[in-house]
Amino acid sequence: MGKFSEVTKIKMKILEEGVKFEPISLFSDVIKKVKFKNKTIFKKPISDGKEVYDYSSRNEIIPSEILLDDTKNESIVKCRYNPNSSVELRWQDDKLEIYQDNQKLKLNASLIKEYDVLGQKIDDDFLVEDYVDVVGMDRISLLLFEGCYNWICGKQCKFCDLHPKKVSEKVCKPTLNNLYKYDSVDEWWNTQKELFFKNTNLALNKLIKNTKLKHKHLFIMAGNLTDCETVWRFLLEFVENLTKQFDLQEFDTIANVCPHDSIESLTKLKSLGIKQVQYNLEIANKELFTATCPGKINYEEFVNKLYEAVNIFGKGNVRSNFVLGLQDFDELINECKKFAEKGIVTDYSVFQPKKNTPYSNLKAPEMKDVINFTKKLVKIYIEYNQHPIFCSLSSRSSIVNEVYYDNVR
């Protein structure tokens, strides 16, 4: 495989090391003045068995995404703050500049402005951004509900920091933080779904009409609930409601949820216009999976559900994401090959240690290992006529798109 562009090299370095923003106070001021995509640096998710909130007292913010380009190539990268990173971003003369080892790079780096329409009102009480998000430049994200039940019951994946809200933040979508107030999960859902469905459709319609997205990736996501059957019942209701206003065939659609409860649910989801399903196994090793993801269904059942999904959606339309760096690289690529033979596309996100998680003491994988793994994965894609997820303008935590398109175009 050919040489990597400077965009790919720096993206990988940021995923490996994180990025330094100095001074943070200046970036915070810039972000607040112009609504650039941002996130808080420090999070402290705590569950009391009923609710999960971010209880960090720190409020410093940094850009959450950066657009990298060298006139020929461009890509989005997700940011993790690390004051010791060799990659530094500086805000000078109203412009973002990127350095490595204190040497200014010729590469262009840009902060990404939130689409103005996200701040528009649906009515007096709600905004578009309360129901719809845009990841990167063109991935439309719809969340079935806020939160993950595995966090509530203390069985969350050990690398996950959840990105919970602070107590003071407004949440308009159904949230698991108030599930305990209802007598049943069905009562919790049915009480809120009518307004949720209506406003999601209004928000998505406004977004589409007021933006010029290069691609129309539509990513529908859900964390875990008390059981898979409940998630899928709610998912089918949600997607069916979308079809009342939108032709989902016009979108690049993926439903990223827990494994299905039945073949009937899978068949119904496909008939509604969803083109791909994604069940994130995270780790392709039974013992390590069980230790790392205690809230997910057992390993053999999970894998069998992936195989079942291929029978309905077809080869190349069932995906599973892995956290690259948590298991042996050779073991994982061998499992990716086996999955590809069965028609399952394997994606990855580079592991990045998150503070206040059980795996915060682990290190992100080295660039050379990620590059070597990616080359092998792309060869699998090409051999089995598979494709990376989304595109380089929306896939923020891997370099699969970049390597793949460097080798097929």
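## Strands 9 and 10 and their sheet

In this predicted model, strand 9 and strand 10 run antiparallel and are joined by two bridges, with Q100 standing opposite Q103 in strand 10. Both belong to an open sheet of four strands, arranged in the order 1-8-9-10 with mixed pairing. The edges of that sheet are strand 1 and strand 10 (103-104), each of which pairs on one side only.

## Helix 2 and what covers it

Helix 2 (residues 24-33) has as its buried residues I24, F27, S28, V30 and I31. Viewed down the helix axis, these buried residues fall within an arc of 165 degrees, so they line one face of helix 2. The face turned away from that buried side carries the exposed residues K32 and K33.

The cover over the buried residues of helix 2 includes strand 1 (20-21), strand 8 (87-92) and strand 9 (95-100), strands that also appear in the open sheet described above. Strand 2 (38-40), strand 5 (61-63) and strand 11 (108-111) are likewise among the elements that cover these residues.

## Strands 13, 14 and 15

Strand 14 (residues 217-221) has four of its five residues buried, so it is largely enclosed by the rest of the structure. Strand 14 pairs with strand 13 in the parallel sense over five bridges, and five bridges also join strand 14 to strand 15 (residues 252-256), again in a parallel arrangement. Towards strand 13, H217 of strand 14 is the bridge partner of R139, while towards strand 15 the bridge partner of M221 is N256.

R139, which lies in strand 13 (residues 139-143), is buried yet has no salt bridge, the nearest side chain of opposite charge being that of D138, 6.8 Å away. A polar atom of the R139 side chain does, however, lie 2.6 Å from the backbone oxygen of S394. With neighbours within four places in sequence left aside, the contacts of R139 are D133, V134, H217, F219, F390, S394 and S395, and H217 is thus listed as a contact as well as a bridge partner.

## A buried glutamate in a loop

E282 is found in the loop between strand 16 (276-278) and helix 7 (286-292), and its relative accessible area of 10% places it among the buried residues. Not counting residues up to four places away in sequence, E282 touches F159, C293, K296, N321, F322 and V323. The C-alpha atoms of E282 and E146, which are 136 residues apart along the chain, are separated by 20 Å.

## Salt bridges

A search of the whole structure finds 29 salt bridges. One of them joins E6 and K9, with the closest N and O atoms 3.4 Å apart; being three residues apart in helix 1 (residues 6-17), the two are separated by about one helical turn. E6 is partly exposed at 42% relative accessibility, and K9 is partly exposed at 37%.

Another salt bridge is formed by D116 with K113, whose closest N and O atoms are 2.5 Å apart; D116 is exposed, with a relative accessible area of 56%, whereas K113 counts as partly exposed at 41%. The side chains of E300 and K286 also meet in a salt bridge, at 2.6 Å from N to O. This pair links distant parts of the chain, with E300 in helix 8 (residues 299-313) and K286 in helix 7, 14 residues apart. E300 is partly exposed at 37% relative accessibility, and K286 is partly exposed at 37%. Elsewhere, K13, E16 and E17 are joined into one network by salt bridges that share partners.

Methods:
Residues are numbered from 1 along each chain as its sequence is written. This is a predicted model: local features need pLDDT of at least 70, side-chain atom pairs count only at pLDDT 80 or more; totals for chains, interfaces and linings use all residues. Side-chain values use heavy atoms; hydrogens and water are left out. Buried means under 20% relative accessible area, exposed over 50%, partly exposed in between (1.4 Å probe, protein chains only). Lys and Arg count as positive and Asp and Glu as negative; His and the chain ends are not counted. A salt bridge is a side-chain nitrogen of Lys or Arg within 4 Å of a carboxyl oxygen of Asp or Glu. A polar contact is a pair of N or O atoms within 3.5 Å; within protein, one must be able to donate a hydrogen and the other to accept it, and residues adjacent in sequence count only if both atoms are side-chain atoms. Contact means heavy atoms within 4.5 Å. The arc is that of the directions from the helix axis to the C-beta atoms. Two strands pair if DSSP finds at least two bridges between them.
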